[in-house]
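Work through these exercises with the structure open. Try each task before you read its solution.

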Amino acid sequence: MLLARKPRGRDPGFGLADRRPFARGLDGFGAACEAERVNDHPSPPASGGPIGQNPDIRYLGKLLGDVIRSYDGEALFARIEHIRQSSVDRYRGLPVDAADLGLGALSLDDTLAFVRGFMLFSMLANLAEDRQGVAQEPGATFAEALAALSEKGIDEAAVAELLDRALIVPVLTAHPTEVRRKSMIDHRNRIAELMRARDAGRDETGDGELVEEAILRQIALLWQTRPLRRERLYVADEVETALFYLREVFLPVLPALYARWERSLGRRPKSFLRPGSWIGGDRDGNPFVTADSLRLALGRASEAILSHYLEEVHALGAELSISTELAAVTPEVEELATLSGDAASARSDEPYRQALTGIYARLAATYAHLAGREPARRPSVAGEPYPDPQALRADLRAVAMSLGAEGEGLLAGGGGLGRLIRSVETFGFHLATLDLRQNSAVHERVVAELLKQAGVEEDYRALSEAGRVALLRRELESPRLLATPYAAYSDETRSELEVVRAAAAAHARYGPDCITTYLISMAQSVSDLLEVNVLLKEVGLWQPGDPPHTAIMAVPLFETIGDLERAPSIMSEWFALPEVAVTTAARGYQEVMIGYSDSNKDGGYLTSVWSLHQASRALAEVFERHETPMQLFHGRGGAVGRGGGSSFSAIRAQPSGTVQGRIRITEQGEVIAAKYGTIEAAAVNLEAIASATILASLETRSRRRRDRFYTAMAEISGAAFRAYRGLVYETEGFPAFFRQMTPIAEIADLKIGSRPASRTASGRIEDLRAIPWVFSWSQARVMLPGWYGVGHALGGFADQDMLKEMLEAWPFFRTSLDNLEMVLAKSDMAIAALYAELVTDADLRNAIFGRIKDGWQRTHDALLAVTGQARLLEKKPSLDASIRLRLPYIEPLNLLQIELLKRHRAGEKDPRISEGIQLSINAVATALRNSG
């Protein structure tokens with residue numbers, strides 16, 4: 001075990017025994033189950049009936065206990081089991097105080113082992129829950145969506161027409177809230193595979209190992225695998241992690257889903273759902289992402305997809321043993337066979353195999369050209385590289401058409417060949433489209449330097465917005481370039497020019513689909529967009545002319561509340577530029593990204609989601625006036641405070657007219673493993689996104705009722721905004737309170753991402769990144785970004801019947817309250833009060849935490865009043881069970897984390913204390929799941 005071999009000193013433990021009795025939370029919603037059924041607290045108000053036991057949790061938990069006993073002895077197992085059982089008893093309502101859990105008897109070494117044990121149990125419980133819960137939300141399958149639309153008079157033809165112009169893209173990002181090492185995830189996935197074999201009744205693995213023993217072996221490996229990274233992640237590590245999901249999950253899942261959707265639709269849709277990525281192209285605030293990162297990400301992805309195609313073509317060559325003695329072939333296949341150069345006599349009557357030999361040779365040459373080395377399995381004949389994926393698809397389609405010419409099309413479209421054709425259409429030679437992203441302030445500085453060095457404008461940054469726009473438009477019309485090899489540019493300017501040069505080279509190498517979008521963080525003006533086009537022009541990705549042409553779209557990211565309010569006017573000004581109107585018309589749409597994280601940090605949960613809703617609606621009106629299809633890119637995170645929650649519900653709750661079949665959504669941090677960690681989970685989540693997009697695009701809603709709801713929501717949002725801003729930004733001492741109460745400083749030391757935790761070295765909340773802001777509150781069990789201010793707003797709204805009507809009839813309001821309820825259920829003000837004791841100024845602590853506690857109670861009471869429930873999650877028993885299962889395992893982790901934080905901040909230097917803090921952060925995040 002970690003540190004198990006160190007001599008166990010007589011360190012004093014944690015002294016919890018003298019702590020006052022630990023009071024439970026404010027509404028008594030905690031309950032849990034493990035190997036026994038757990039009942040509710042007798043008081044305060046009961047939280048519901050017993051939780052049905054998931055047999056997988058019982059099974060895997062028992063194996064984990066056996067492993068701990070085997071490797072670290074009966075004494076350690078007994079101590080951990082006593083704490084576990086005591087905590088479970090507390091949540092069953094038995095009279096057990098936190099002081100009696102036995103935490104004070106743990107040595108530091110035992111503490112590390114205990115935290116790892118609870119972390120691994122939570123990890124295995126997540127796996128078991130995912131296996132039991134890989135079921136679609138009601139109405140979230142493609143077939144159900146078609147049926148629902150059919151009941152409203154919308155037929156398959158309308159859906160097919162929508163899908164012909166649709167684009168749905170889940171975009172993987174490297175935002176650091178995935179605290180687990182990839183080695184831990186790999187072992188977890190292997191256990192999931194073995195559990196599937198056990199489900200199927202298999203006693204042995206393909207290697208002859210007993211399935212039960214193989215599962216136990218994987219848990220033993222987990223127990224002995226170091227959970228924490230010793231070094232901070234590099235961008236290359238993040239690239240490889242994303243590549244794992246793309247290669248092992250998206251590649252097999254998407255062709256299978258398309259086959260299912262084709263059967264439901266009765267026709268073959270185009271590849272409207274494709275994966276995207278930011279990893280290797282997102283430079284905003286990350287100095288480690290460079291042109292080299294971009295080249296690495298694109299190169300590794302291309303190698304992966306071409307390797308997959310080579311394996312699939314090789315397999316088809318073994319499968320398609322059709323002889324001309326028994327079947328005819330089309331002239332197109334005969335020509336492919338002749339051109340292949342395959343002269344083997346054994347295949348002289350097998351034109352499909354000959355054709356595939358040639359296709360394999362051309363693919364191998366393509367791999368060698370793009371990867372710079374030969375593939376693992378070399379071709380038997382020579383071939384020229386394919387110029388693009390369309391040429392490969394044409395050859396594969398020729399084979400499919402020939403197969404379908406006889407036998408009533410029995411061999412035409414299915415099997416490995418059908419999946420391969422779909423893969424080529426979906427993944428091209430690039431696997432996933434990679435976005436570029438940079439902050440607008442960087443573009444401003446770079447363009448200013450280019451203009452100055454070129455003698456065009458001495459002080460671009462001193463110009464008015466109108467002056468900037470006029471100058472930039474002149475530059476976009478001119479064929480002259482600004483950059484020169486003879487100028488001495490700053491490191492920043494050289495780096496940014498190298499990135500766009502690498503993007504241009506990638507277009508020539510992998511095709512235009514490899515990079516289609518350049519995102520501009522903190523976009524606040526039309527000049528912010530024009531600056532990007534000026535940079536693209538330097539490498540030929542914007543070409544002047546009549547008409548002008550752009551190969552990469554400049555996309556503004558509106559993040560703060562103020563930016564969201566200004567977004568419609570900025571886009572109106574953008575579309576008014578003639579050159580923009582021309583290039584947008586040629587592309588067929590314009591994308592706008594809206595950010596959930598910074599808007600939440602800026603204005604609180606309710607104002608954030610309402611501002612996003614309003615901005616989306618206002619943008620749709622602007623786009624409609626300019627006769628331009630809109631594609632919204634939603635920058636969602638895992639936690640509710642960053643736009644988390646059900647993607648199916650969130651997409652369906654979008655304002656009418658804002659989806660139109662086109663949507664992109666970020667998938668961040670631990671959410672990637674939760675949604676796409678297994679083939680089964682990925683299939684469910686991808687189908688839910690597709691179904692929700694179809695429904696949101698084609699369903700209609702009542703305008704009269706909507707206008708009434710919008711008026712009410714504006715008032716509610718205003719009240720929530722004032723309460724949130726009053727606490728977070730207008731309360732003296734709040735930044736110090738936050739940094740002392742939460743483990744924000746310790747989170748910054750975790751090696752969980754290549755991006756720094758803060759934009760600057762200041763202690764201001766404004767300069768802190770939204771991800772650690774949310775993550776820190778989650779660790780302290782406050783979850784403040786997900787609820788504060790809502791209780792003030794809902795409780796103070798005069799027409800409570802209107803709120804109930806909104807809940808019943810308005811998907812946006814219902815989804816917002818559903819997510820709010822989940823956050824409240826995961827928070828715990830009694831545990832939070834113990835974190836508040838870390839604040840050294842008692843007056844500051846009492847004043848601010850008193851407001852937080854009061855705000856939680858207000859929000860809790862107002863939510864129950866609107867939803868008509870006696871307790872949180874009363875109407876969501878599955879989610880209730882999921883959360884209550886974890887609570888007995890999170891509370892001891894929180895208590896230990898608090899004591900470790902006290903010792904660390906008091907100056908104790910034992911490295912086991914720092915390690916214990918980091919392990920506890922890892923464990924709490926694993927148990928909470930969507931915490932970042």
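**Exercise 1. An aromatic cluster**

Which residues form one aromatic cluster with Trp610?

Solution. The model is predicted, so side-chain atom pairs count only at pLDDT 80 or more. Start with the total: the whole structure holds 25 aromatic pairs. One of them joins Trp610 and Tyr710. Their ring centres are 5.3 Å apart, and the planes stand at 80°. Planes over 60 degrees apart count as edge-to-face, and this pair is edge-to-face.

Next, place the two residues. Trp610 belongs to helix H20 (residues 605-625), while Tyr710 belongs to helix H24 (residues 703-728), so the pair ties together parts that are 100 residues apart in sequence.

Now check burial. The cut-off for buried is under 20% relative accessible area. Trp610 has 6% relative accessibility, so Trp610 counts as buried. Tyr710 has a relative accessible area of 8%, so Tyr710 is buried too.

Finally, list the cluster. Trp610, Phe709, Tyr710, Trp810, Phe812 and Phe813 make it up.

**Exercise 2. A second aromatic pair**

Classify the pair formed by Phe734 and Trp777.

Solution. Read the geometry. The centres are 6.2 Å apart and the planes are at 35°. Stacked needs planes under 30 degrees apart, and edge-to-face needs over 60. The pair is therefore tilted.

Then find the elements. Phe734 is in helix H25 (residues 734-741) and Trp777 is in helix H27 (residues 770-779), so the pair links parts 43 residues apart in sequence. Both Phe734 and Trp777 are buried.

**Exercise 3. Charges over rings**

Which ring faces do Arg422 and Arg725 lie over?

Solution. Take each arginine in turn.

- Arg422 sits over the face of Tyr258, 4.1 Å from the ring centre.
- Arg725 sits over the face of Tyr729, 4.0 Å from the ring centre.

**Exercise 4. Three helix pairs**

For each pair below, go from the crossing angle to the orientation.

*H30 and H32.* Helix H30 (residues 811-826) packs on helix H32 (residues 842-867) at about 135°, and their axes are 11 Å apart. Roughly antiparallel needs over 145 degrees, and roughly perpendicular covers 65 to 115. H30 and H32 are therefore oblique to each other. Their crossing is left-handed. Now look at the interface. From H30 come Phe813, Leu817, Leu820, Glu821 and Leu824. They meet Trp856, Thr859, His860, Leu863 and Val866 of H32. Phe813 is also a member of the aromatic cluster in Exercise 1.

*H13 and H15.* Helix H13 (residues 440-453) and helix H15 (residues 491-510) pack at about 100°, with axes 9 Å apart. The two helices are therefore roughly perpendicular. On the H13 side, the contacts use Val442, Arg445, Val446, Glu449 and Leu450. On the H15 side, they use Glu492, Thr493, Glu496 and Leu497.

*H8 and H10.* The axes of H8 and helix H10 (residues 351-371) come within 9 Å and cross at roughly 165°. That makes H8 roughly antiparallel to H10. The crossing of H8 and H10 is left-handed. Among the H8 residues that meet H10 are Leu306, Tyr309, Leu310 and Val313. Their counterparts in H10 include Leu356, Ile359, Tyr360 and Leu363.

**Exercise 5. Two loop threonines**

Is Thr330 buried or exposed, and is Thr628 buried or exposed?

Solution. Locate Thr330 first. It lies in the loop between helix H8 (291-319) and helix H9 (331-339). Thr330 has a relative accessible area of 17%, so Thr330 is buried. Leaving aside neighbours within four places in sequence, Thr330 contacts Ala398, Ser402 and Ala405.

Now take Thr628. This residue is in the loop between H20 and strand S10 (630-635). Thr628 has 13% relative accessibility, so Thr628 counts as buried. Leaving aside neighbours within four places in sequence, Thr628 contacts Phe575, Thr584, Tyr589, Gln590 and Phe623. Tyr589 is 39 residues away along the chain, and its C-alpha atom is separated from that of Thr628 by 5.8 Å.

**Exercise 6. The whole chain**

How many helices and strands does the chain have?

Solution. Count the elements: there are 34 helices and 11 strands. Then turn to burial: buried residues make up 61% of the 932 residues. Last, consider contacts between residues at least 6 apart in sequence: 80% of these join residues at least 24 apart.

Note on methods:
Residues are numbered from 1 along each chain as its sequence is written. This is a predicted model: local features need pLDDT of at least 70, side-chain atom pairs count only at pLDDT 80 or more; totals for chains, interfaces and linings use all residues. Side-chain values use heavy atoms; hydrogens and water are left out. Rings of Phe, Tyr and Trp (its six-membered ring) pair if their centres lie within 6.5 Å; planes under 30 degrees apart count as stacked, over 60 as edge-to-face and the rest as tilted. Helices (H or I, at least four residues) and strands (E, at least two) are DSSP runs, numbered from the N terminus. Buried means under 20% relative accessible area, exposed over 50%, partly exposed in between (1.4 Å probe, protein chains only). A charge sits over a ring if NZ of Lys or CZ of Arg is within 6 Å of the ring centre and within 35 degrees of the ring normal. Axes are lines fitted to C-alpha atoms, for helices over the stretch in contact, and angles run from 0 to 180 degrees between N-to-C directions. Angles under 35 degrees count as roughly parallel, over 145 as roughly antiparallel, 65 to 115 as roughly perpendicular and the rest as oblique. A crossing is left-handed if the near helix is turned anticlockwise from the far one by less than a right angle, and right-handed if clockwise. Contact means heavy atoms within 4.5 Å.
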